[in-house]
Amino acid sequence: DGIQGLDERGHITFENQAASRLLGADSQDLLGKFAHSTIHHSRADGSPYPVEECPTHATLRDGVVRRVAGEVYWRGDGVRFPVEYVASPIRGDEGGILGAVVVFRDLTERNRQEAKLRESEARLNLALATSGVGTWSWNVAKNDLVWDDYIHPLFGLKPGTFPGRHEDFLARVHPEDREQVERAFSDSLERDLPFSSQHRVVLP
């Protein structure tokens with residue numbers, strides 16, 4: 001994490017190596033500069049970020065610790081990067097605010113991974129929606145059987161209407177197939193095997 005110290009006016013008084021690396025500048029080049037106009041001057045869309053609205057400067061005014069996400073910092077080369085940060089006041093012996101410490105983290109890689117996950121989920125949902133299959137999970141201890149929206153139509157049900165118990169599922173399996181379905185469940189649980197079963201269903 002990057003760490004910066006600010007005086008009571010918001011000028012940078014110290015920073016660690018991680019902060020220098022993330023901001024793309026030597027720490028000596030940043031010391032003494034007004035932090036907001038140097039690294040926090042604009043929003044993600046490039047519009048100006050008034051210092052009066054800056055959470056860090058609010059901490060310098062009122063001494064309240066603030067945890068912030070969804071904002072960006074700017075490197076010296078004009079490239080922005082997403083951050084989350086915590087601004088904490090530095091107080092003197094009599095309680096007065098002498099400055100603040102800001103600990104910030106670059107969220108570029110986290111956001112990239114989250115975007116990949118969303119894309120993967122979107123592809124899975126598309127595949128499920130067009131292939132006539134669905135997914136389910138069963139908490140055996142709680143007897144909580146969860147179906148996704150794609151399984152419901154296979155049993156002639158509207159999404160969200162399945163009661164959610166194992167016996168509710170079995171009631172929708174053709175009577176002549178229930179024994180082999182139960183056997184498949186038992187093998188899966190007792191022998192740690194993947195569950196596999198082909199069976200007919202009883203439509204409403």
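## A walk through the sheet, its helix and its hollows

Let us start in the middle: β4 and β5 are joined by 9 bridges and run antiparallel. Strands here are DSSP runs of E with at least two residues, helices are runs of H or I with at least four residues, and both are numbered from the N terminus. Two strands count as paired if DSSP finds at least two bridges between them. This is a predicted model, in which local features need pLDDT of at least 70 and side-chain atom pairs count only at pLDDT 80 or more, while totals for chains, interfaces and linings use all residues. Residues are numbered from 1 along each chain as its sequence is written, and side-chain values use heavy atoms, with hydrogens and water left out.

Back to our two strands. Val-86 has Val-103 in β5 as its bridge partner. The hairpin of β4 and β5 has 5 residues between the strands, and there Gly-95 takes a positive phi near 90°.

On to the next pair: β3 and β4 are antiparallel too, paired over 8 bridges. Two of the partnerships are easy to look up: Trp-74 is matched with Arg-80 in β4, and Ala-69 is matched with Glu-84 in β4. This hairpin also has 5 residues between its strands, and Gly-78 in the turn has a positive phi of about 85°.

Now step back to view the whole sheet. It is open and built from 5 strands in the order β2-β1-β5-β4-β3, with antiparallel pairing. Because β2 (12-15) and β3 (66-74) stand at the edges with a single partner strand each, one side of each has no neighbour in the sheet. From one strand to the next, the twist averages 30°; angles run from 0 to 180 degrees between N-to-C directions, and axes are lines fitted to C-alpha atoms, for helices over the stretch in contact. Toward the β2 edge, β1 (residues 2-7) and β2 run antiparallel and are joined by 3 bridges. Here Leu-6 stands opposite Ile-12 in β2.

Helix α5 (residues 108-131) packs on this sheet, touching β4 (80-91) and β5 (97-106), and its direction makes about 135° with that of β4. Contact here means heavy atoms within 4.5 Å. With 24 residues, α5 reaches 35 Å from its first C-alpha to its last, close to the 34 Å expected at 1.5 Å a residue (the expected span is 1.5 Å times one less than the number of residues). After α5 comes Gly-132, whose phi is positive, near 75°.

Finally, look for empty space. On a 1 Å grid over the protein atoms alone, a cavity is a set of points where a 1.4 Å probe fits but cannot get out, a pocket is an open set with protein on both sides within 12 Å along at least five of seven lines, and lining residues have an atom within 4 Å of a point. Points are joined across faces, edges and corners, and a volume is the space filled by probe spheres set on them.

The structure holds 1 cavity of 30 Å³ or more, and the largest cavity has about 80 Å³ of space. Its lining includes Gln-4, Leu-6, His-36, Tyr-73 and Val-102. The largest share of that lining, 3 residues, comes from α3.

The largest pocket has about 270 Å³ of space. It is lined by 13 residues, of which Trp-136, Phe-155, Phe-169, Phe-195 and His-199 lie nearest its centre.
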